[in-house]
Amino acid sequence: MSGAVTVRVPAKVNVRLAVGGVRPDGFHDLANVFLAVSLFDEVTATAADALTVTCEGPDAHKVPLDRTNLVARAAEALAARSGLDPAVHLHIAKRIPVAGGMAGGSADGAAALLACDALWGLDTPRAELLGICAELGSDVPFSLTGGAALGTGRGELLTPLDAGTFHWVFAVADGGLSTPAVYRAFDRLAAAAGTEVPAPAASPELLAALASGDPDALAATLANDLQPAALSLRPRLAAVLAAGTGAGALAGMVSGSGPTTAFLVRDAEAAAKVAAGLDASGTCRATHVASGPAPGATVLPG
Ligand code: C5P
């Protein structure tokens, strides 16, 4: 098959990120309540002589263009499974913050997998695509499915959830945070506390609030166990959180492993006001307004 295939893929926010103890494989057990939001990257796959990656967007210079990029690893994994040569050019149009805790790299991996599957006419069963996603990274399966879901295991075992519509403002920080470094900080804080880390769980109250679409109820139950760890590595994020809630957000928290911060707001009008307040505060580099749930990775009409 020739031509080009473009896939649009959403960012995510974790409305509850419950982190348990370290497993023998070095990962942490999670109860990770994912919500896909309407901030999208696009990945275009085009037939080429060799596997190449390019990227456009304000943060493009921060994106690795070699075989470590999840788009390249996705193409290689799918090609290997199908006995093909991964001769494809993958172009990333990047809007999701890089190394920001919004699963931007994972999103691109899921998008590349779907784009190559369509470009190569493979029609790989969904369950197999999800299996490849899980090998690529803990958040990649959710980027494929989108919507709202509970991720257990290391986050890759998904159960779909009902969710009403919620409005968000995301504040992008200068510089990224390394996800492994944030998990190591979580382990250090847990060891210093000297108490056993409880098994991770998402409360029935949180799941009910998510399903209801009531922003006040969700604001009362949002929580991210990685937030103290991210704040320990980047203390100035506390000022961003204060600026967002000061500007009228119902709740604010670090998104995933950070350093992007996520603010839940009542509606689209409040989102614009909170974004303006954050922009004026000088505590962050940029803001994005988005809502969720958003659909997962989707092939765009050619
Ligand atoms: O799965 P992924 O490659 O996205 O994970 C990146 C890093 O985040 C892992 O190498 C690990 O340090 C940490 N991690 C973890 N427990 C999880 C998910 C990620 O410790 N459940």
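A: Helices are DSSP runs of H or I with at least four residues, numbered from the N terminus. Keep in mind that this is a predicted model.

Q: Which residue just after α6 takes a positive phi?
A: G213 does, with a phi of about 75 degrees. The helix before it, α6, spans residues 204-212.

Q: How do I read the sides of that helix? Which residues of α6 are buried?
A: Buried means under 20% relative accessible area, and exposed means over 50%. In α6, L206, A209 and L210 are buried. These three cover an arc of only 100 degrees around the axis, so they sit on the same side of α6. On the other side of the helix, P204 and E205 are exposed.

Q: What covers the buried residues of α6?
A: The cover includes the strands β1 (4-22), β2 (28-47), β5 (148-152) and β7 (166-172), together with the helix α7 (215-221).

Q: Now a single side chain. Is Q227 buried or exposed?
A: Q227 is buried, because its relative accessible area is 18%, and the cut-off for buried is under 20%. This residue lies in helix α8, residues 227-233.

Q: What does Q227 touch?
A: Leaving aside neighbours within four places in sequence, Q227 is in contact with L241, M253 and V254. With V254 there is a polar detail too: a polar atom of the Q227 side chain lies 2.9 Å from the backbone nitrogen of V254.

Q: How do I look for disulfides, and how many are there?
A: Check pairs of cysteine sulfur atoms, which must be within 2.5 Å. By this rule there are zero disulfides. Take C116: the closest cysteine sulfur to its own is in C133, and at 12 Å that is too far for a bond. C116 is also buried, with a relative accessible area of 0%. Another cysteine, C284, counts as buried at 16% relative accessibility.

Q: Let's turn to the ligand. Which residues are around it?
A: They are G26, F27, H28, L30, G137, S138, R154, T179, P180 and Y183.

Q: Where are the polar contacts with the ligand?
A: Look for pairs of N or O atoms within 3.5 Å. An N or O atom in the side chain of H28 is 2.7 Å from an oxygen atom of the ligand. For the side chain of S138, the distance from such an atom to a ligand oxygen is 2.6 Å. R154 uses its backbone: an N or O atom there lies 2.9 Å from a ligand nitrogen.

Q: How much of the ligand does the protein cover?
A: On its own, the ligand has 450 Å² of accessible area, and the protein covers 74% of that.

Definitions and conventions:
Residues numbered from 1 in each chain as written. Predicted model: local features only at pLDDT ≥ 70, side-chain atom pairs only at ≥ 80, totals over all residues. Heavy atoms only, no water. Buried < 20%, exposed > 50% of the residue type's maximum accessible area, 1.4 Å probe, protein only. Helix = DSSP H or I, 4+ residues; strand = E, 2+ residues; numbered from the N terminus. Arc of directions from axis to C-beta. Contact = heavy atoms within 4.5 Å. Near = heavy atom within 4 Å. Polar contact = N/O pair within 3.5 Å; in protein donor to acceptor, adjacent residues only side chain to side chain. Areas by Shrake-Rupley, 256 points an atom, 1.4 Å probe, with all protein chains shown as cover.
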